[in-house]
Amino acid sequence: MAGKRGREPDSDALAPAAEGTPDKKQRLEPDHNAAISDIQQRDSIEAVPPAAAPDTSAQHAAPGAAGSAPVAEAANQSDVPGDTEAAQPDDQTSDDEPLLPSHGRGGGGVKRGTECPYLDTVSRQNLDFDFEKCCSVSLSPVNVYACLVCGKYFQGRGPHTHAYTHALECGHHMYMKLDNGKVYCLPDGYEVVERSLDDVRYVLNPTFSPTEVAGLDKDVSWARTLDGAEYMPGLVGLNDMRANDYANVIIQALVRVVPLRNYFLQPTNYAASRSQLVSRFGELVRKIWNPRNFKGQVSPHEFMQAVMTASGKRFTIEKQSDPVDFLTWLLNTLHVGLTGGKRTRPSIITQCFQGELEVTTEAGTGKAAREETDLVEKVPFLVLGMDLPPAPLYKDVLEKNIIPQVPVFELLHKYDGQRVHHDIKAGRRRYQFLRLPRFLGLHMKRFARNNFYIEKNPTIVNFPVKNLLLEGAVALPKAVNGKPVACKYDLLCNICHDGKAGEGSYRIHVHRKVEDLWYEVQDLRVTDILPQMVALSESYWQLYELQR
């Protein structure tokens, strides 16, 4: 007898007839047994063992009616004929078995697309693979299938599963398994092999060859969505689910970093990492750069779910956070995930963003409070903090507030090795560079918290879009082998804050190097902008790329 899978049948009509029970088929002559067995296989009617067919009853012991359990695997079958007790399979895989065993081209098996009558019911405009891959009914992430007609997610494809029930109730027959991209027709249970569904598989899991990755910045490429709208791969809008605009601007900035982008476009580079955040970030980068997407925007839902889990809900979708805090946490967490918890090992994060400072604390202050000489430390950094001058307290003669302006070179003097920075806790400190990073992040400290509220500094920082020369503004590292140290940077992106402190929203200016044009991105909205307008904004964080 075949082993049982999953839950027990709800109806006794699914079980074979009891022995000794009078039946019309048992009263037939033995010459008709073969014809009866063929009818059972073809039409999947209730299978009743013939009265006199000892040689063929084993192979024609049918699985039951259309709702019965599938035939058990060889490892789970009983060797004793008539044994009614079979090993129960694991619950996580029982709901993923087909309803019927494969009998030629009947239930189960494999069919080509030309043999499936439901292939034309696939509706690509309803498909969205950006959300968490769990069943919409049971919320289980095991054996999840996407209905290719309505786009909903359901668990399993065998009997008594939500996908099987959905196929019967709604008449939706095409389903794709989300972990491998295989397509099945339910409730028949056979696999559909069709090349015309490759575009759906690519949207589910975009892949890039090394040749494609190398050519991303060589040609100006535009792509079209299903509705004919144009979009730029790598520069698409990100969905603001509630208050995650602080994360959207950081994601837009990181995908512009070419070495980081190229690294995460190849999943083999981080296949050994066990971090869920690393995997989700790689998926998001591939979706943003997907040139064959069905729509012109991407939802970072799965990535934000991984962020909330990894950060202990420090960063969530419902509450707005500081982009720089999120950036430093994300870079450090990705670094730990890529290095297996060994912080001292190098990674693509440290290769791109990490520089090194020499911090000198004067004797008698801060850490050197008990020292007689100055304390010198080497400190790695990912982001440099820029201290803005205080905003004016009073109005001018025209009864209007004066918005002060300061050049970025004045702020960089903090790192010239001569200027002393006063801090009550840290003491009197001087800073100078020991190593410049390839990508330099500057944080304009606009928000200050006091005992009552958060205050925003409206000072405008004047900065060049190209050729930011650090020579003369900071103390440069010592030259290696007599060659001068490269210290000229180009602006890559600029994050701005609009509104009051603790409120408002964030937007980002992005430079698309392949076109040499600037774009402003705010959640789903992507518009072009003049570079002169970039320099007039209230910059909060900037990312510069070192010229080579």
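**Figure 1. Glu 302 and its salt bridge to Lys 133 in the predicted model.** Glu 302 is a buried residue, with a relative accessible area of 8%. The side chain of Glu 302 forms a salt bridge with Lys 133, and the closest N and O atoms of the two residues are 3.0 Å apart. This pair links distant parts of the chain: Glu 302 belongs to helix 9, whereas Lys 133 lies in the loop between strand 1 (110–112) and strand 2 (144–147), 169 residues apart. Glu 302 and Lys 133 also belong to a network of salt bridges with shared partners, which further includes Asp 128, Asp 130, Arg 280, Glu 283, Lys 287 and Lys 295. In total, the structure holds 25 salt bridges.

**Figure 2. The second largest pocket.** The volume of this pocket is about 630 Å³. Its lining consists of 25 residues, of which Lys 133, Leu 178, Asp 179, Arg 280 and Glu 283 are the closest to the centre. Three elements give two or more residues to the lining, namely helix 4 (198–204), helix 8 (276–288) and helix 9 (301–310). Helix 8 provides the largest share, with 6 residues. Divided by class, the lining has 10 charged, 8 nonpolar and 7 polar residues. Among the residues closest to the pocket centre, Lys 133, Arg 280 and Glu 283 are also members of the salt-bridge network that contains Glu 302.

**Figure 3. The largest cavity.** The structure holds 5 cavities of 30 Å³ or more. The space in the largest cavity amounts to about 140 Å³. Of its 15 lining residues, Asp 217, Arg 256, Arg 261, Trp 289 and Lys 513 are the closest to the centre. At least two residues of the lining come from each of helix 7 (258–264) and strand 23 (505–512). The lining comprises 7 nonpolar, 6 charged and 2 polar residues.

**Figure 4. The second largest cavity.** About 80 Å³ of space lies in this cavity. Its lining is formed by Leu 127, Asp 128, Phe 129, Asp 130, Val 203, Lys 287, Asn 290, Asn 293, Phe 294 and Lys 295. By class, 4 of these residues are nonpolar, 4 are charged and 2 are polar. The lining residues Asp 128, Asp 130, Lys 287 and Lys 295 take part in the salt-bridge network that also joins Lys 133 and Glu 302.

**Figure 5. Phe 303 and the largest nonpolar core.** In soluble globular proteins, nonpolar side chains tend to be buried together. The largest nonpolar core of this model has 64 residues, and those touching the most other members are Leu 254, Phe 264, Phe 303, Phe 326, Leu 330, Phe 353 and Trp 541. Helix 10 (residues 323–338) supplies the largest share of the core, 8 residues. When residues up to four places away in sequence are not counted, Phe 303 touches Ile 251, Leu 277, Arg 280, Phe 281, Leu 284, Phe 326 and Leu 330. A second, separate core has 33 residues, among them Val 359, Cys 487, Trp 518 and Ala 535.

**Figure 6. Arg 430 and its two acidic partners, Glu 362 and Asp 374.** The side chain of Arg 430 meets that of Glu 362 in a salt bridge with an N to O distance of 3.5 Å. Because Arg 430 lies in strand 16 (residues 427–435) and Glu 362 in the loop between strand 11 (355–361) and strand 12 (375–381), this pair ties together parts that are 68 residues apart in sequence. Glu 362 counts as buried, at 16% relative accessibility. Arg 430 also forms a salt bridge with Asp 374, whose closest N and O atoms are 3.8 Å apart. Asp 374 is located in the loop between strand 11 and strand 12, so its pairing with Arg 430 in strand 16 ties together parts that are 56 residues apart in sequence. Asp 374 is partly exposed, with a relative accessible area of 38%.

**Figure 7. The surroundings of Thr 361 in strand 11.** Thr 361 is buried, with a relative accessible area of 1%. Not counting residues up to four places away in sequence, the contacts of Thr 361 are Lys 367, Ala 368, Asp 374, Leu 375, Ala 426, Arg 428 and Arg 429. Of these, Asp 374 is the residue that forms a salt bridge with Arg 430.

Terms used:
Residues numbered from 1 in each chain as written. Predicted model: local features only at pLDDT ≥ 70, side-chain atom pairs only at ≥ 80, totals over all residues. Heavy atoms only, no water. 1 Å grid on protein atoms, 1.4 Å probe; cavity = no way out; pocket = protein on both sides within 12 Å on 5 of 7 lines; lining within 4 Å. Points joined across faces, edges and corners; volume = space filled by probe spheres on them. Helix = DSSP H or I, 4+ residues; strand = E, 2+ residues; numbered from the N terminus. Nonpolar A, V, L, I, M, F, W, Y, C, P; charged D, E, K, R; others polar. Core = buried A, V, L, I, M, F, W, Y, C linked by side-chain atoms within 4.5 Å. Buried < 20%, exposed > 50% of the residue type's maximum accessible area, 1.4 Å probe, protein only. Contact = heavy atoms within 4.5 Å. Salt bridge = Lys/Arg side-chain N within 4 Å of Asp/Glu carboxyl O.
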